[in-house]
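Here is a set of short exercises to work through with the sequence and the 3D view side by side. Try each task yourself before you read its solution.

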Amino acid sequence: MATLRLFASAREAAGTARDTVPGATVGEVLDAAEARYGRVFAEVLAGCRVWCNGEPITRDAAVGEGDEIAVLPPVSGGAVGVR
């Protein structure tokens, strides 16, 4: 089991910021999260970056107890100009 950390729109779609989700790979954890949180979460997840323990990761990477998978949706917003 890995700890899943959800941010911004992924957190809103799941209704939680953190959960423990079963799976031996990142892909299995994400698939289990999609099954748990539903279609809206799956749609948000499709546009997200996924990191494990602070590093970019692929779906086939192995995870274990104590690993933290972060789901990071794209960030948008304005910038403050310097005058």
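C48 is a good place to begin: this cysteine is buried, with a relative accessible area of 14% (buried means under 20%, exposed over 50% and partly exposed in between, with a 1.4 Å probe and protein chains only). Keep in mind that this is a predicted model, where local features need pLDDT of at least 70, side-chain atom pairs count only at pLDDT 80 or more, and totals for chains, interfaces and linings use all residues. Residues are numbered from 1 along each chain as its sequence is written, and side-chain values use heavy atoms, with hydrogens and water left out.

**Exercise 1. Cysteines**

Task: Find how many disulfides there are, and explain why C48 has no bond to C52.

Solution:
- Step 1. Recall the idea: a disulfide is a covalent bond between the sulfur atoms of two cysteines.
- Step 2. Apply the cut-off, which asks for a pair of cysteine sulfur atoms within 2.5 Å.
- Step 3. Check C48: its closest cysteine sulfur is in C52, 16 Å away, and that is too far for a bond.
- Step 4. C52 is in no disulfide either, as its nearest cysteine sulfur is that of C48. The count is therefore 0 disulfides.
- Step 5. Look at the surroundings of C52: this residue is buried too, at 8% relative accessible area.

**Exercise 2. The strand that holds C52**

Task: Work out which side chains of strand β3 point to the buried face, and which strands pair with β3.

Solution:
- Step 1. Locate β3 at residues 49–52. Helices (H or I, at least four residues) and strands (E, at least two) are DSSP runs, numbered from the N terminus.
- Step 2. Follow the side chains: V50 and C52 point to one face and are buried, while R49 and W51 point to the other and are not.
- Step 3. Look for partners, using the rule that two strands pair if DSSP finds at least two bridges between them. β3 runs antiparallel to β5 over 4 bridges and antiparallel to β4 over 2 bridges.
- Step 4. Place C52 between its neighbours: I69 stands opposite in β5, and E55 is the bridge partner in β4.
- Step 5. Inspect the turn: β3 and β4 make a hairpin with 2 residues between them, and N53 there has a positive phi of about 55°.

**Exercise 3. The whole sheet**

Task: Write down the strand order, then say which strands stand at the edges.

Solution:
- Step 1. The 5 strands form an open sheet with mixed pairing, in the order β2-β1-β5-β3-β4.
- Step 2. β2 and β4 are the edge strands; each has a single partner, so one side of each has no neighbour in the sheet.
- Step 3. Add the helix: α2 packs on the sheet and touches β1, β2, β3 and β5 (contact means heavy atoms within 4.5 Å).

**Exercise 4. The core**

Task: Name the residues that touch the most other members of the largest nonpolar core.

Solution:
- Step 1. Use the rule: a nonpolar core is a set of buried Ala, Val, Leu, Ile, Met, Phe, Trp, Tyr and Cys residues joined through side-chain atoms within 4.5 Å.
- Step 2. The largest one holds 21 residues, and L4, L6, F41, I69 and V71 touch the most other members.
- Step 3. See where the core comes from: β1, α1, α2, α3, β3 and β5 each supply at least two residues, and α2 gives the most, with 5.
- Step 4. Zoom in on F41: leaving out residues up to four places away in sequence, F41 touches L6, A10, A13, A14, A33 and E34.

**Exercise 5. Charged pairs**

Task: Count the salt bridges in the whole structure, then explain why the R18 and E68 pair ties together parts that are apart in sequence.

Solution:
- Step 1. Set the cut-off: a side-chain nitrogen of Lys or Arg lies within 4 Å of a carboxyl oxygen of Asp or Glu. The search gives 5 salt bridges.
- Step 2. Take R18 and E68, which meet at 3.8 Å, N to O. R18 lies in β2 and E68 in β5, so the pair ties together parts 50 residues apart in sequence. R5 is linked with R18 and E68 in a network of salt bridges.
- Step 3. Turn to R59 and D31, which meet at 2.6 Å, N to O. R59 sits in the loop between β4 and β5 and D31 in α2, so this pair joins parts 28 residues apart in sequence.
- Step 4. Finish with E43 and R39, a salt bridge of 2.7 Å, N to O. Both lie in helix α3, 4 residues apart, about one turn of the helix. E43 is partly exposed at 48%, while R39 is exposed at 58%.

Methods. Axes are lines fitted to C-alpha atoms, for helices over the stretch in contact, and angles run from 0 to 180 degrees between N-to-C directions.
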